[in-house]
Protein chains: 2
Amino acid sequence: VIRRIAIDAMGGDHAPGCVIEGVALAIARGVAPAEELLLVGREEEIRPLLVQHKVQGVDVLHAPDIIAMDESAAAAIRSKRASSIVVAMKAVAAGQAAAFVSAGNTGAVVAASTLVLGRLKGVSRPGIAVPVPTRTGPAVVIDVGANIYCKPEHMLHYAVMASEYARAALDRPEPRVGLLNIGEEEGKGNELIQQVHALLQAAPIHYAGFVEGQDIMAGKTDVVVCEGFVGNVILKVAEGLAAFIGSLMKGALAKHPPRPELAQAVGEAFQALDYAEYGGAPLLGVSAPVLIGHGRSSGHAIMNMIRAARSTLQHDLGAHIEERLARISREAIS
Amino acid sequence: VIRRIAIDAMGGDHAPGCVIEGVALAIARGVAPAEELLLVGREEEIRPLLVQHKVQGVDVLHAPDIIAMDESAAAAIRSKRASSIVVAMKAVAAGQAAAFVSAGNTGAVVAASTLVLGRLKGVSRPGIAVPVPTRTGPAVVIDVGANIYCKPEHMLHYAVMASEYARAALDRPEPRVGLLNIGEEEGKGNELIQQVHALLQAAPIHYAGFVEGQDIMAGKTDVVVCEGFVGNVILKVAEGLAAFIGSLMKGALAKHPPRPELAQAVGEAFQALDYAEYGGAPLLGVSAPVLIGHGRSSGHAIMNMIRAARSTLQHDLGAHIEERLARISREAIS
């Protein structure tokens with residue numbers, strides 16, 4: 001049932017090199033067969049890299065334009081219709097591929113997905129869900145910036161969609177859902193939070209109530225629902241803090257005679273925090289699986305995004321989300 | 001000119017023990033003379049601890065009630081008028097002390113400060129400013145939860161107040177101010193952010209424009225302005241992540257033969273992140289210096305809060321804030 005995955009060859013700070021490297025890794029390690037991958041981008045740049053990495057059997061869909069990482073998303077997807085992102089989206093919409101993977105301009109991927117693919121039935125706003133490391137394994141934070149004007153209903157949909165994603169991709173049969181707040185007691189938080197709280201209590205999910213910032217990394221719940229603005233900020237704070245602690249550690253260890261095995265131990269500790277291990281961030285709520293990677297994505301990260309896209313296709317995530325949302329709206333009517 | 005500092009002897013997870021320890025440290029290290037400190041709380045518990053720590057010359061103001069750390073703030077300050085927080089606030093309002101230091105219930109301190117002390121002239125909403133470690137030294141994030149319904153004007157006042165605080169307590173003569181957003185480009189963010197951006201551009205501060213989550217720890221600006229909800233969440237995320245990384249490091253090092261000097265190096269690296277070094281969080285905008293400490297405050301942390309309170313008094317922070325806000329309102333009229 002799994003069909004081809006379109007891959008943005010031009011997306012990310014190290015594209016197209018790292019993307020082709022990721023494709024080569026995915027094939028070599030049996031993550032995906034070559035014939036199920038479709039590279040979208042500048043053919044003249046992609047072909048030599050495929051030869052260099054000895055990759056055979058991967059189709060290339062030519063797209064001459066590139067949307068830069070810092071380009072304004074809305075303008076770019078209108079003016080650059082021959083960009084890898086827009087061409088890939090159209091390929092998915094036309095059935096040439098069933099999913100899309102990109103480490104490119106996040107805003108452009110979100111805008112193009114919503115515009116070209118459209119939303120799943122019952123979804124008001126797509127949301128970006130980011131798998132984050134916690135003490136009890138990965139959890140999903142949704143939304144991290146697809147939508148900055150959040151209504152209670154959007155956040156209800158986020159909770160439902162991320163629950164289904166945790167089932168499909170993180171192997172959590174009964175994912176617990178938390179609502180990010182500034183305290184755990186009833187009555188805490190602003191009006192939006194109170195309204196979402198009421199909706200989540202009535203929703204067909206495993207709602208665990210309010211969680212606070214420190215509960216995310218403690219792994220208290222499998223899904224953490226928050227506004228896009230808040231989610232975006234905490235993700236970047238976490239990234240900045242991890243890098244800062246890494247540099248403090250490096251400085252502390254540099255004061256002592258080098259011990260390679262210790263440097264390696266530190267490296268292993270930090271690997272648990274590495275976004276590259278987590279398969280990118282799914283844009284949930286659009287009509288095909290879309291995985292968005294960090295701009296700095298390595299080949300390893302691209303491979304894990306391909307894995308996540310396949311897993312999402314395998315579980316028929318879109319159908320599960322639509323079914324669950326239909327159940328909510330039936331219950332609301334009855 | 002510095003006058004007495006009232007100290008909440010009953011506030012914090014380890015009170016009153018750690019509080020008296022902090023007072024003893026402050027006196028021993030010359031941070032403050034005994035006669036400028038006023039302990040507020042249960043006299044029968046405080047006196048033996050003063051004897052135990054060989055502290056002399058510190059006055060005690062008896063307050064039999066305690067507001068628990070997780071108690072609802074608004075209800076507690078109404079029903080517990082003999083609590084250390086309310087009694088201390090009244091002592092400040094009556095001129096028996098000039099500043100207040102507490103590691104107790106944050107909501108109760110904020111509510112009691114606003115109600116009993118009142119606001120500085122020109123301030124719409126007090127805000128909690130938290131000094132955070134960055135690559136370029138401490139920066140201040142405001143607000144972290146005193147106010148969860150932020151209007152543009154509140155955030156303008158936060159920017160002005162935290163600038164003055166950075167001057168007074170962090171020794172930054174020309175503090176740069178950033179507005180936390182989900183991108184750096186003009187037009188990014190929601191409507192509130194856009195309105196605040198316009199106000200800050202016109203304000204008599206060193207406004208450096210938008211900053212993102214990762215810029216906080218990079219030390220891009222000395223002051224970071226955000227909504228209370230957002231600030232509260234990022235502070236707790238940062239705390240949770242640092243603890244998580246600490247445990248990952250511990251696990252990684254445990255796999256190797258113990259090397260005490262390396263464990264010490266790691267400890268030193270993490271010390272840069274220790275809230276206890278930063279003198280607590282000032283509640284800015286109320287009519288006397290109020291420093292709020294982490295619930296887990298150690299004696300060392302209490303000592304640094306006393307230091308920050310003295311520094312704030314020394315610089316006559318309240319007068320500077322009122323003057324700066326008056327300038328803004330004069331300019332708005334003319």
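**Exercise 1. Charges and surface of chain A**

Task: In this predicted model, how far apart are the mean positions of the positive and negative charges of chain A?

Solution. Start with the counts: chain A carries 30 positive and 34 negative charges. Then take the mean position of each set; these two points lie 2 Å apart. For the surface on which to place this result, the accessible area of chain A is about 13,200 Å². Carbon and sulfur atoms account for 53% of that area.

**Exercise 2. Fold of chain A**

Task: Work out how many helices and strands chain A has, and how its radius of gyration stands against the globule rule.

Solution. First, the secondary structure: chain A has 12 helices and 11 strands. Second, the radius of gyration is 20 Å, close to the 20 Å that the globule rule gives for 334 residues, so chain A is as compact as a globular protein of that length. Third, the extent: the C-alpha trace spans about 60 × 60 × 35 Å along its principal axes. Fourth, burial: 59% of the 334 residues count as buried. Last, consider contacts between residues at least 6 apart in sequence; 70% of them join residues at least 24 apart.

**Exercise 3. Relation of the two chains**

Task: Find the turn and the shift that lay chain B on chain A.

Solution. Two copies of a chain are related by a rotation about an axis and a shift along it. Here the turn is 180 degrees and the shift along the axis is 0.0 Å, with an RMSD of 0.0 Å. The two copies are therefore related as by a two-fold rotation axis. The same surface serves both copies, as 100% of the contact residues of chain B recur in chain A.

**Exercise 4. Asn232(B)**

Task: Is Asn232(B) buried or exposed, and which residues does Asn232(B) touch?

Solution. Locate the residue: Asn232(B) sits in helix H9 of chain B, residues 228–254. Its relative accessible area is 12%; buried means under 20%, so Asn232(B) is buried. Setting aside residues up to four places away in sequence, Asn232(B) touches Asp143(B), Val144(B) and Gly145(B), along with Ile182(A).

**Exercise 5. Ala146(B)**

Task: Place Ala146(B) in chain B and list its contacts.

Solution. Ala146(B) belongs to the loop between strand E6 (139–142) and helix H6 (152–169). With a relative accessible area of 25%, Ala146(B) is partly exposed. Neighbours within four places in sequence aside, Ala146(B) contacts Val110(B), Pro126(B), Gly127(B), Ile128(B) and Leu283(B). Leu283(B) is 137 residues from Ala146(B) along the chain, yet their C-alpha atoms are separated by 8.1 Å.

Technical notes. Residues are numbered from 1 along each chain as its sequence is written. Chains are lettered from A and ligands numbered from 1 in the order in which they are written. This is a predicted model: local features need pLDDT of at least 70, side-chain atom pairs count only at pLDDT 80 or more; totals for chains, interfaces and linings use all residues. Side-chain values use heavy atoms; hydrogens and water are left out. Copies are superposed by least squares on the C-alpha atoms of residues with pLDDT of at least 70 in both. Contact means heavy atoms within 4.5 Å. Helices (H or I, at least four residues) and strands (E, at least two) are DSSP runs, numbered from the N terminus. The radius of gyration is taken over C-alpha atoms; the globule rule is 2.2 Å times the number of residues to the power 0.38. Buried means under 20% relative accessible area, exposed over 50%, partly exposed in between (1.4 Å probe, protein chains only). Accessible areas come from the Shrake-Rupley method with a 1.4 Å probe; for residues, only the protein chains shown count as cover. Lys and Arg count as positive and Asp and Glu as negative; His and the chain ends are not counted. The place of a charge is taken as NZ of Lys, CZ of Arg, CG of Asp or CD of Glu.
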